[in-house]
Amino acid sequence: MKRFLLFSSVLLLGAWIVLMLAGAVPQVGNAQLAVFRAPAHVALCGLIALACLIAAPWPLNLRRIPTVFLHLGVAITLFGAAWSYFKGEEHDVSLPVDPNQRHRSLRETSHGGMMGMNAKPEIPLGFALTIKNFTVEFYPVIKWDAWKYQENADESQRWKSLEPLLVAKDGSIKIGDEIISAAKLATPPMNSRGELQISDTLIVRPVKTAKRFAADLHLAEGTQGSKDVVLEVNSPVDYDGWRFHLSSYDDSLQYSEQTLVQIHARREPGAAWITFGIWLLIIAAFAWGFLPERRKTLLVGDNK
Amino acid sequence: MTHPELLQNHVLVNAILGSAAGLCLIAAILFVCRKDFWAWTSFVLGTLIAAAMIVVNAFAVGDIPLGNMYQVQVVLGFVFLPLAILVSVRDTSRAHLTWFALAAVLALVGACFQGKEADWRRMPALQSAWFAPHVLAYMIGYALAAVAALMQLGQAITSTAYWQLCFPRPAMDMNPQSNIIPIIIRLAMPFLLFGLLSGCLWADQAWGHFWSWDPKETWSLITIVFYLLYFHLARLGTAPRWRILCHFLAFAALLTTFYVVNMVPRMASAMHSYTK
């Protein structure tokens, strides 16, 4: 029985590797993801979970507790993942920042849809969600890109990239002997593309990196009553069975006159099981790796 | 507060890293010659220089110095000494010491060839308590797996007929029947698993997905499954050549996760921004 289980495990793990290799190289439009959504992959994961459940207590031995929990952890995690896969739902939505607008349903993000084309169906929330405010904080600029004009070079190589110019503590930068003050860098004559030419050097304003962004949400009309929360990346908000994650934002005003906040909304019934399975796996893995009893067993097997 | 000027002089930075790598190389040679006191001294000095560079990198970026491959490889170069001590506690044979020092050389020399940008800014998703444990666990796991793979390679080479003909006695303190390789892989597994699973918990918080089949994630899982296969083959009692093949494939998958995925632009993801 033990050999049969081990042999089956080897076959299942080998098959899983082959399937994953098939989906490991990205294709245009993320076509490789079809491998992981295919029924064959879902069925294989189910078989692995089943094999873990059967193999876990075999042979029953106190010394094998870490191994038992490792197998149970895999089975529980895959069970939770399957529950979420079949019963869960998730949506990526773009919502405008407007304290007067109450969203009682969501519609998946689709720029075409926002213009009235390819509109996706509305998903009722069962409560009202309002985005009252949105704030972004940027990192300070520490360097500028610079290009030098070379008169005698070929046309395609006239502008030669230089080492980035580091910003001094007072916000100024130095080009050769010339110091460009922070005030000059912040105001015109910089052109609309954020470029400033100083003699034969072109300096380019770097793209600002967001340090933090947050949305002030107002949730109401649900079973949890009315509440105001701050939604940030890495700090999801739970309300009436839904979990909201702040994904990104769009303030380019390309599709709307207001800043759009991109939110990932999901209902994942298996999430708690997955989290439990993961923690079980982590604890069992360290016990398995560091407890000396199992090492002896391995050595016996390894010397065969 | 950042001090990017600290890394402006690439020649000086490479000289410092080169000296650390040189000391580790001397340690590896001295371990072979059984001059343990001087070997440990050299290894400790090389590692202390790597530790000093980690501090310099931290000042340069004003954050945890794990923002790009250069910073990550300096940290990787540092972890080999503590891990050699850990393995020495678990296994009293000294067969592994040379390989730990050699692996540190490879990591530090690799850091010399990486771009030394200091303008890393942690995007909001990376500002998580999971960031440091996730990356450090992977570094520890990768370091242990690298030593195990190097030892396996060394054993494979020294067991060839040609080598036996040229060097009747093994030049290094390596017993082909040594069980230290599975012990090292066994120590690596919890760290590799923690890296993978902490990434899942973090992704759940940040994006609302435990798993998204991102290429880096997929290759990382392939690596773990190869190592699981290795242990199942060992328990099954298959011929050593199958386990050795599985070990090499697992390490190849690990290298793909760590390096190759970063080199292919369409495989490098925004989630793993240090790869850029």
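Here are a few worked exercises on a predicted model with chains A and B.

**Exercise 1. Work out how many residues each chain brings to the A–B contact, and how much area is buried there.**

Start with the head count: chain A puts in 65 residues and chain B puts in 60 residues. Next, the area: the two chains bury about 5,900 Å² between them. Finally, sort that area by atom type, and 66% of it turns out to sit on carbon and sulfur atoms.

**Exercise 2. Find the charged and polar links across the interface, then describe the side that chain A offers to chain B.**

Step one is salt bridges, and the count between chain A and chain B is 2. One of them pairs R243(A) with D204(B), with 3.9 Å between the closest N and O atoms. That pair makes the list since the cut-off is 4 Å.

Step two is polar contacts: 13 residue pairs turn up across the interface, both partners at pLDDT 80 or more.

Step three is to see where the chain A side comes from. Elements supplying at least two residues each include the helices α1 (2–22), α4 (65–87) and α7 (271–290), along with the strands β11 (210–222) and β14 (242–250). By class, the chain A side splits into 37 nonpolar, 14 polar and 14 charged residues.

**Exercise 3. Explain what the salt bridge between R102(A) and E221(A) ties together.**

First, some context: searching the whole structure gives 11 salt bridges over all chains. In the R102(A)–E221(A) bridge, the closest N and O atoms are 2.7 Å apart. Now place the partners: R102(A) is in the loop between β1 (89–96) and β2 (103–107), while E221(A) is in strand β11, so the bridge ties together parts of chain A that are 119 residues apart in sequence.

**Exercise 4. Describe how α3(B) packs with α2(B) and with α5(B).**

You need two numbers for each pair: packed helices are described by the angle between their axes and the distance between the axes.

Take α2 (residues 36–61) and α3 (residues 69–90) of chain B: their axes come within 9 Å and cross at roughly 145 degrees. The crossing is left-handed. Among the contact residues are W40(B), F43(B) and I54(B) from α2(B), and F78(B), L81(B) and I85(B) from α3(B). The class tally is 16 nonpolar, 4 polar and no charged.

Now swap in α5 (residues 131–158) of chain B: its axis and that of α3(B) come within 9 Å and cross at roughly 65 degrees. This crossing is right-handed. Contributors include V72(B), L76(B) and L83(B) of α3(B), plus L136(B), M139(B) and L144(B) of α5(B). The tally here is 13 nonpolar, no polar and no charged residues.

Methods
Residues are numbered from 1 along each chain as its sequence is written. Chains are lettered from A and ligands numbered from 1 in the order in which they are written. This is a predicted model: local features need pLDDT of at least 70, side-chain atom pairs count only at pLDDT 80 or more; totals for chains, interfaces and linings use all residues. Side-chain values use heavy atoms; hydrogens and water are left out. Contact means heavy atoms within 4.5 Å. Buried area is the accessible area (1.4 Å probe) that two parts lose on being put together, summed over both. A salt bridge is a side-chain nitrogen of Lys or Arg within 4 Å of a carboxyl oxygen of Asp or Glu. A polar contact is a pair of N or O atoms within 3.5 Å; within protein, one must be able to donate a hydrogen and the other to accept it, and residues adjacent in sequence count only if both atoms are side-chain atoms. Helices (H or I, at least four residues) and strands (E, at least two) are DSSP runs, numbered from the N terminus. Ala, Val, Leu, Ile, Met, Phe, Trp, Tyr, Cys and Pro count as nonpolar, Asp, Glu, Lys and Arg as charged, and the others, Gly among them, as polar. Axes are lines fitted to C-alpha atoms, for helices over the stretch in contact, and angles run from 0 to 180 degrees between N-to-C directions. A crossing is left-handed if the near helix is turned anticlockwise from the far one by less than a right angle, and right-handed if clockwise.
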